[in-house]
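Student: Hey, could you walk me through this structure? I'd like to get some practice at reading one.

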Amino acid sequence: MKTRVNLGADSYDIIIEHGAINKFADLTNINGKVLIVTDSGVPKEYSECIASQFDESYIYTVPEGESSKNLNEFGKILSYMLEKNFTRKDSVIACGGGVPGDLAGFVSACFMRGIDFYNFPTTVLSQVDSSIGGKTAVDLDGIKNIVGAFHQPKTVIVDPDVLKSLPSRQISNGLAEAVKMSLTSDSDLFEMFETADIMENIDEILFKSIEIKRKVVEQDVKEAGLRMILNFGHTIGHGIESEEGLHGLYHGECVALGMIPMCSDSVRSRLIPVLKKLNLQTEISINPEKVILAIVHDKKMRNNVVNTVTVNDVGTFEMKKMTVGEIEQKLSVIIKE
């Protein structure tokens with residue numbers, strides 16, 4: 001399967017194909033040197049398989065985890081590229097989840113003011129979400145994705161076969177983002193989560209989720225309007241993630257929790273069973289004041305008002321401005337006493 005993100009000169013293909021990792025070079029037609037950015041949690045054979053297909057390739061591995069998304073690691077990768085004499089004709093490839101994707105994308109956006117970038121996402125979360133749309137970033141002073149750039153990839157290669165190496169928790173973590181997209185944009189996809197065997201239908205889930213992201217990105221490249229629907233669940237989710245990161249909750253798990261307060265009662269009654277089916281938390285013991293503090297520091301805050309996305313009926317959305325107090329009131333439905 002293949003779909004195309006139509007962005008004029010920045011258009012690119014998303015190729016979804018079993019075994020695509022083994023013909024990465026043929027699918028991308030890259031010339032010049034390549035730097036493959038991966039992390040220690042990604043099986044080495046993935047980056048090595050891609051590297052073996054090019055005449056001159058280098059693999060740069062960062063420690064696994066969000067803590068690697070920082071300006072220091074960003075600078076070290078740039079220095080490595082200088083050491084290896086990379087030029088504007090060379091390319092950067094991300095091999096991994098959101099951390100290598102964000103880092104590699106930001107590096108490629110900044111090195112010599114921008115060189116070609118390719119993405120090979122290896123998690124459900126990155127396949128359906130972060131690999132598409134050109135948002136690249138690092139964290140700073142505890143604030144997630146606060147420093148970055150829009151830099152579209154040249155091609156995204158999605159190989160469902162690599163998901164076999166993921167633990168079930170990581171699968172669920174990524175599927176939370178697919179549930180998010182179904183709630184705002186595709187009631188049929190949400191019904192699939194309700195009634196179907198998830199892994200037996202994973203190819204269709206990936207494709208439908210990618211199509212939602214593609215359509216949104218095409219209409220709103222730099223998150224000026226419609227693209228904000230992709231932030232459904234993220235306002236509260238990022239607040240939880242900022243506070244709960246030390247305790248080991250993944251991004252998708254936080255987004256899952258963040259969706260629950262932003263739904264109508266009728267949608268929530270359908271959403272919670274789906275999240276439980278995916279073994280995702282629906283309650284959390286956390287200090288709501290700390291979550292609110294993180295939201296206040298979030299880059300989406302404007303004049304003490306937060307632009308939020310709510311879902312009153314499955315497959316639809318409403319953009320709504322809320323005060324911090326209104327958001328704090330909604331938190332009660334997920335706070336475990």
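Tutor: Sure, let's go through some helices, holes and loops one at a time, keeping in mind that this is a predicted model.

Student: Okay, helices first. How are two packed helices described?

Tutor: Two packed helices are described by the angle between their axes and by the distance between those axes.

Student: So at what angle do α6 and α10 cross, and how close do their axes come?

Tutor: Helix α6 covers residues 168-185 and helix α10 covers residues 251-259; their axes come within 7 Å and cross at roughly 40°.

Student: Which word fits that pair, oblique or roughly parallel?

Tutor: Angles under 35 degrees count as roughly parallel, so α6 and α10 are oblique to each other.

Student: And is the crossing left-handed or right-handed?

Tutor: α6 passes α10 in a left-handed crossing.

Student: How many residues of α10 are buried?

Tutor: Nine of its nine residues are buried, so α10 is mostly covered. Among them are the charged residue E253 and the nonpolar residues V255 and L257.

Student: Where's the other helix pair you had in mind?

Tutor: That one is helix α7, residues 187-195, with α11: they pack at an angle of about 55°, and their axes are 9 Å apart. α7 and α11 are therefore oblique to each other, and α7 passes α11 in a left-handed crossing.

Student: Switching topic: how many cavities of 30 Å³ or more are there in the whole structure?

Tutor: A search of the whole structure finds one. The largest cavity has a volume of about 50 Å³.

Student: Which elements give two or more residues to its lining?

Tutor: Those are α4 (98-110), β6 (116-121) and β7 (135-140). The lining of the largest cavity includes G101, D102, F117, N119, K135 and T136.

Student: What kinds of residues are in that lining, by class?

Tutor: The largest cavity is lined by two nonpolar, seven polar and two charged residues.

Student: And what about pockets? How many residues line the second largest one?

Tutor: The second largest pocket is lined by 14 residues, and D10, F150, H151, Q152 and P153 lie nearest its centre. By class, that pocket's lining has seven nonpolar, three polar and four charged residues. Its volume is about 250 Å³.

Student: Hang on, H151 and P153 sound familiar.

Tutor: Good catch! H151 and P153 also line the largest cavity.

Student: Now loops. What's going on with phi at N85?

Tutor: Phi of N85 is near 60°, which is a positive value in a residue other than glycine. N85 lies in the loop between α3 (71-83) and β5 (91-96).

Student: Is N85 buried or exposed?

Tutor: N85 has a relative accessible area of 54%. Exposed means over 50%, so N85 is exposed.

Student: Which loop holds N279, and what is its phi?

Tutor: N279 lies in the loop between α11 (265-277) and α12 (288-296). Its phi is positive, about 60°, although N279 is not a glycine. N279 counts as exposed too, at 68% relative accessibility.

Student: Last one: where is G239, and is it buried or exposed?

Tutor: G239 lies in helix α9, residues 234-244. Buried means under 20%, and G239 has 1% relative accessibility, so G239 counts as buried.

Student: How far is G239 from G98 in sequence and in space?

Tutor: G239 and G98 are 141 residues apart in sequence, and 18 Å apart in space from C-alpha to C-alpha.

Methods. Residues are numbered from 1 along each chain as its sequence is written. This is a predicted model: local features need pLDDT of at least 70, side-chain atom pairs count only at pLDDT 80 or more; totals for chains, interfaces and linings use all residues. Side-chain values use heavy atoms; hydrogens and water are left out. Helices (H or I, at least four residues) and strands (E, at least two) are DSSP runs, numbered from the N terminus. Buried means under 20% relative accessible area, exposed over 50%, partly exposed in between (1.4 Å probe, protein chains only). On a 1 Å grid over the protein atoms alone, a cavity is a set of points where a 1.4 Å probe fits but cannot get out, and a pocket is an open set with protein on both sides within 12 Å along at least five of seven lines; lining residues have an atom within 4 Å of a point. Grid points are joined across faces, edges and corners, and a volume is the space filled by probe spheres set on the points. Axes are lines fitted to C-alpha atoms, for helices over the stretch in contact, and angles run from 0 to 180 degrees between N-to-C directions. Angles under 35 degrees count as roughly parallel, over 145 as roughly antiparallel, 65 to 115 as roughly perpendicular and the rest as oblique. A crossing is left-handed if the near helix is turned anticlockwise from the far one by less than a right angle, and right-handed if clockwise.
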